[in-house]
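This report goes through a single model, from its confidence scores to its ligand shell and core. Please keep the sequence and the 3D view open while reading.

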Amino acid sequence: MTQQPYPGSEFPSIPGEPLNLEPIEKALLKMCYGVHVVGSVNSAGERNLMIADWVMQVSFKPRLVAASIENDARTLRFVRETGAFTVNLLHERDGDEIARKVVMPAEGKKIKGRSAEASAAVTDKLAGLEHWLTPEGAPVLVEALGWYSCTVEHYLETGDHTIVVGRVTDGDVTRSGDILTEKELGWEYAG
Ligand SMILES: Cc1cc2nc3c(=O)[nH]c(=O)nc-3n(C[C@H](O)[C@H](O)[C@H](O)COP(=O)(O)O)c2cc1C
């Protein structure tokens, strides 16, 4: 039997997504997110970037933010090694270009169904993206709207993600404008 979309559903916005989203998914997908790029560094000085919607401020004094990161992300391994990360806020005007460059996992093995050779490959997502490094070595993207750096205060394993709570140590807004939102980008990470 052909599955029908729920009445009133304007999804999918991603080609190939099923039309018949559960009501719970629909509700969760209505939440608003800015598009961030988490920058990380490991103890060997290797660096990585990943897109993350699930980043929010969680305390004023001290200034703390929480980022929820997939348990199998290279980023989480790097952050656990050095306790440092950056959050780059993508610009509404051209942040989609950066998003496209960093959307795939660095490690081919994170993508199911790849050949042994492709699984072994590791992509340098910083290649071609102008950046500088914080004193802890985490990357800040020059073309971002703004950024802040964090040192980790807590980890909370939570389902298939780990919430990383970081103390904000520095930050700035380096271009005029606003943050790119997930809605403008047309991608989704919820449900
Ligand atoms: C729009 C969008 C938002 C995302 N938000 C998150 C997020 O908040 N947390 C997360 O762990 N992964 C998120 N992801 C998935 C990661 O970016 C993805 O798994 C990434 O490849 C992991 O990178 P790494 O393994 O190189 O660290 C998101 C993906 C997209 C497309």
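The text below covers confidence, the ligand shell, one helix, the nonpolar core and one hairpin.

The model is predicted: local features need pLDDT of at least 70, side-chain atom pairs count only at pLDDT 80 or more, and totals for chains, interfaces and linings use all residues. Residue numbers start from 1 along each chain as its sequence is written.

The pLDDT (the predictor's confidence in each residue, from 0 to 100) averages 91 over the protein chain, and 90% of the residues score at least 70. In residues 1-12 the pLDDT is below 50, and this stretch has 17 contacts in the model beyond near neighbours in sequence. Two residues are in contact if their C-beta atoms, placed from the backbone, lie within 7 Å.

The ligand is surrounded by 22 residues, the closest being Trp54, Thr75, Pro105, Ala106 and Tyr189. A residue counts as near a molecule if its C-beta atom, placed from the backbone, lies within 6 Å of it. By class, the shell holds 12 nonpolar residues (Ala, Val, Leu, Ile, Met, Phe, Trp, Tyr, Cys and Pro), six charged ones (Asp, Glu, Lys and Arg) and four polar ones (the others, Gly among them). The elements below, which are DSSP runs (helices H or I, at least four residues; strands E, at least two) numbered from the N terminus, each give two or more residues to the shell.

| Element | Residues |
|---|---|
| strand S2 | 47-52 |
| strand S4 | 64-70 |
| helix H2 | 74-82 |

S2 gives the most, with four residues.

In H2, the buried residues are Arg74, Thr75, Leu76, Phe78 and Val79; buried means that 20 or more other C-beta atoms, placed from the backbone, lie within 10 Å of a residue's own. Their cover includes S2, S4 and strand S8 (146-158). After H2 comes Gly83, with a positive phi near 70°.

The largest nonpolar core (buried Ala, Val, Leu, Ile, Met, Phe, Trp, Tyr and Cys residues joined through C-beta atoms within 7 Å) has 34 residues, and Val38, Met50, Ala52 and Ala67 are among those that touch the most other members. S2, S4 and H2 are among the elements that each supply at least two residues of this core. Outside four places in sequence, the contacts of Val38 include Met50, Ala67 and Thr75.

Strand S3 (residues 55-59) pairs with S4 in the antiparallel sense over four bridges, where pairing requires at least two DSSP bridges. Val55 stands opposite Ala67 in S4. The two strands S3 and S4 form a hairpin with four residues between them. Pro62 is in that loop, and the peptide bond from Lys61 to Pro62 is cis, with omega near 0°.

Technical notes: A residue is buried if 20 or more other C-beta atoms lie within 10 Å of its own, exposed if 12 or fewer, and partly exposed in between; C-beta atoms are placed from the backbone.
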